[in-house]
Amino acid sequence: MARTALVTGASSGIGREIARELDKRGFRVILAARREDRLRELAEELSDSRVIACDLSRREECERLYEETKAERLTVLVNNAGFGKLGRFEEIPLDDELAMIDTNVKALHILTKLFLQDFIREDRGYILNVASSAGLMPGGPLMATYYATKAYVTSLTGAIYEELKQADSSVSISALCPGPVDTEFNSVANAQFGVKSISAEYCAKRAVEGLFARQLIITPERGMGLAAKAAQLAPRRISLAITGQLQSGKQKDKE
Ligand SMILES: NC(=O)c1ccc[n+]([C@@H]2O[C@H](COP(=O)([O-])OP(=O)(O)OC[C@H]3O[C@@H](n4cnc5c(N)ncnc54)[C@H](OP(=O)(O)O)[C@@H]3O)[C@@H](O)[C@H]2O)c1
């Protein structure tokens with residue numbers, strides 16, 4: 001019987017490419033996101049898949065996704081659905097930020113909790129939480145909430161990683177921390193990248209390799225991993241000032 005993976009945010013970008021990568025490795029892939037037409041299009045090219053349209057910013061939809069898939073005894077859970085918004089903190093609409101927290105933080109938290117309990121019971125399974133290089137930085141001026149959501153993801157994932165290690169568990173958990181990736185992220189965030197981006201295909205390939213190599217933090221581009229380390233070592237205020245400078249280059253009106 002084929003092993004099964006669930007990928008959230010599979011209708012576009014990194015999630016779509018991770019689904020393709022897992023399909024290449026012989027997985028049956030459950031595809032989740034809001035845009036059902038996109039998921040069905042992807043499902044047509046995969047060898048064995050299932051589509052579940054859901055809005056993960058809603059707790060009951062996260063729980064429904066779990067209830068509808070738990071019998072499939074997943075081997076891999078990829079918490080990838082997420083988005084960002086660029087702008088000064090006081091200017092971004094509160095509703096947008098709360099939806100971001102619901103999607104980037106709460107949905108990932110709920111699905112990790114529910115599936116991890118099953119994985120631990122069976123002493124098997126892999127979880128890939130899609131964070132960002134933003135999650136390795138002390139903060140992100142002009143994307144304050146987005147950076148904070150991703151810091152939550154790296155912090156949560158690291159703590160669970162250590163708990164699993166201490167329990168001598170076979171269950172694995174990783175955080176994917178890429179820098180800029182060429183996807184629909186920018187059009188949703190109303191941003192442009194100030195530095196060179198990598199392709200979603202390359203990012204997904206490195207993500208899946210890192211996942212099965214049981215890496216805690218997966219940084220697809222070496223340069224970004226080093227930059228994140230430097231930012232962690234530098235005094236916090238200097239790091240924030242540098243990140244703020246880089247972030248201001250993402251504003252579209254600066255074109
Ligand atoms: N692109 C980058 O530079 C970059 C860098 C680091 C990390 N990341 C992270 O990578 C992940 C994927 O982003 P991406 O770059 O691939 O952007 P993307 O192309 O915009 O894809 C985002 C995916 O998330 C899904 N999604 C958003 N809100 C959702 C909701 N409420 N319910 C269900 N699904 C939802 C979208 O599907 P629907 O709209 O169909 O629901 C879409 O499939 C995100 O967590 C992002 O923060 C991106």
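## A bridge between two strands

Val29 has Ser49 in strand 3 as its bridge partner. Strand 2 (residues 28-33) and strand 3 run parallel and are joined by five bridges; two strands pair if DSSP finds at least two bridges between them. Helices (H or I, at least four residues) and strands (E, at least two) are DSSP runs, numbered from the N terminus.

This is a predicted model, where local features need pLDDT of at least 70, side-chain atom pairs count only at pLDDT 80 or more, and totals for chains, interfaces and linings use all residues. Residues are numbered from 1 along each chain as its sequence is written, and side-chain values use heavy atoms, with hydrogens and water left out.

## The whole sheet

Let's step back to the sheet. Its seven strands form an open sheet with parallel pairing, in the order 3-2-1-4-5-6-9. Strand 3 (49-53) and strand 9 (217-218) are at the edges with a single partner strand each, so one side of each has no neighbour in the sheet.

## Helices on the sheet

Which strands does helix 3 (residues 59-69) touch? Helix 3 packs on the sheet against strand 1 (4-8), strand 2 and strand 3, where contact means heavy atoms within 4.5 Å. The direction of helix 3 makes about 155 degrees with that of strand 3; axes are lines fitted to C-alpha atoms, for helices over the stretch in contact, and angles run from 0 to 180 degrees between N-to-C directions.

Helix 4 (residues 94-122) also packs on the sheet, touching strand 1, strand 4 (76-79), strand 5 (126-130) and strand 6 (172-176). Its direction makes about 170 degrees with that of strand 4.
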